[in-house]
Amino acid sequence: MEQADNLLLRIQKYDKTFSKGQKRLAAYVLKNYDKAVFLTALKLGKEVGVSESTTVRFATQLGYKGFPEFHRALEELVRNKLNSIQRMKVTYGHVPEAEILDTVFQSDIEIIKLTMEHIDHAAFEMAVETLLSARTIYIIGIRSCAPLASFLSFYLNMILDDVRLIQTSSASEIFEQMIRIGDQDAIIGISFPRYSMRTLKTIEFANNRNAKVITLTDSVHSPINLYSSCNLIARSDMASIVDSLVAPLSVVNALVVALCMKRQKEVVHTLETMEKIWDEYQVYSNDEMEHAVDTIKMLNPEQEDHKT
């Protein structure tokens with residue numbers, strides 16, 4: 001709540017220094033923050049009747065580095081003031097049914113762009129190296145984050161030796177699955193609002209056992225970051241009742257590709273072995289499996305084919 005309160009206090013503090021255009025922006029944000037949060041700098045300016053540059057200067061006048069930082073504070077305000085159903089009504093209540101598809105696509109595109117602009121590349125590289133050096137990798141994601149955890153687990157099992165997707169039906173079962181976690185292991189915790197207490201407790205347990213902790217979440221203020229030294233921040237759509245996790249999925253994809261680049265020989269060997277098994281039991285067509293192997297090899301065309 002601190003960031004949200006900070007935004008309101010800043011507007012009150014700097015009110016006397018605002019230009020006429022900035023005063024209109026301040027009044028609009030205070031009265032319509034539930035709508036302003038879904039507007040870009042350009043659209044917010046048009047809504048109030050000022051230029052985009054005036055909107056950006058308004059953000060910097062409040063002490064933020066730019067409009068994106070101001071927007072994050074605005075999001076935090078809305079997150080604490082409105083519930084998910086209210087947010088959905090505000091966002092999509094005025095959108096004609098025929099435009100919903102394009103509106104959602106455009107929203108997802110903006111979320112990915114924001115994530116790409118602000119993600120910590122050093123943290124990403126640290127995550128890759130941590131996963132490569134870990135003895136055992138544990139992955140946890142609950143509720144809407146469960147598909148992300150499952151997707152990541154599926155592909156990491158093709159690349160690394162010991163990857164375990166934590167089943168989360170009960171808290172006691174979670175700790176039973178992690179009973180041997182230690183300082184040679186790593187855990188990836190995936191959590192987006194509303195944050196899961198079970199995920200938080202799992203990360204805390206792993207940290208207490210000196211395991212390496214990697215988090216994939218939406219904000220530096222996310223509670224699971226308390227126990228992590230490697231935080232991957234990906235924006236999520238907090239406007240809809242349906243969690244839009246396209247940006248986190250893109251980060252997961254990037255992790256998988258980066259690990260494949262580091263372990264190309266092992267991945268090709270695994271796929272070729274699986275091809276023989278699938279061919280023997282007629283699970284997939286040869287064309288499908290050959291395409292998968294060729295795709296991995298194309299990641300580095302200069303590398304010689306791995307021979308089994």
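Strands β1 (residues 137–141) and β3 run in the parallel sense, paired over 5 bridges. Keep in mind as you look around that this is a predicted model. To get your bearings in that pairing, find I139: the residue standing opposite in β3 is I188.

Now turn to β3's other partner, strand β4 (residues 212–217). This pairing is also in the parallel sense, over 5 bridges. For a landmark here, take A186 of β3, whose bridge partner in β4 is K212. To get from β3 to β4, the chain goes by way of helix α11 (residues 197–208), and the resulting β-α-β crossover is right-handed.

So how covered is β3 itself? The strand spans residues 186–190, and 5 of its 5 residues are buried. That goes for both faces: A186, I188 and I190 sit on one side, I187 and G189 on the other, and all are buried. Two of these we've already met: I188 is the residue opposite I139, and A186 is the one bridged to K212.

Let's move on to a pair of helices. Helix α7 (residues 100–118) packs against helix α12 (residues 246–262), with the axes 8 Å apart and an angle of about 50° between them. An angle like that makes α7 oblique to α12. As for handedness, α7 passes α12 in a right-handed crossing. If you'd like to pick out the side of each helix that does the touching, look at D108, I111, I112 and T115 on α7, and at V246, A247, S250 and V251 on α12: these residues make the contact.

Technical notes
Residues are numbered from 1 along each chain as its sequence is written. This is a predicted model: local features need pLDDT of at least 70, side-chain atom pairs count only at pLDDT 80 or more; totals for chains, interfaces and linings use all residues. Side-chain values use heavy atoms; hydrogens and water are left out. Buried means under 20% relative accessible area, exposed over 50%, partly exposed in between (1.4 Å probe, protein chains only). Helices (H or I, at least four residues) and strands (E, at least two) are DSSP runs, numbered from the N terminus. Two strands pair if DSSP finds at least two bridges between them. A crossover is right-handed if, with the strands pointing away from the viewer, the path from the first strand over the helix to the second runs clockwise. Axes are lines fitted to C-alpha atoms, for helices over the stretch in contact, and angles run from 0 to 180 degrees between N-to-C directions. Angles under 35 degrees count as roughly parallel, over 145 as roughly antiparallel, 65 to 115 as roughly perpendicular and the rest as oblique. A crossing is left-handed if the near helix is turned anticlockwise from the far one by less than a right angle, and right-handed if clockwise. Contact means heavy atoms within 4.5 Å.
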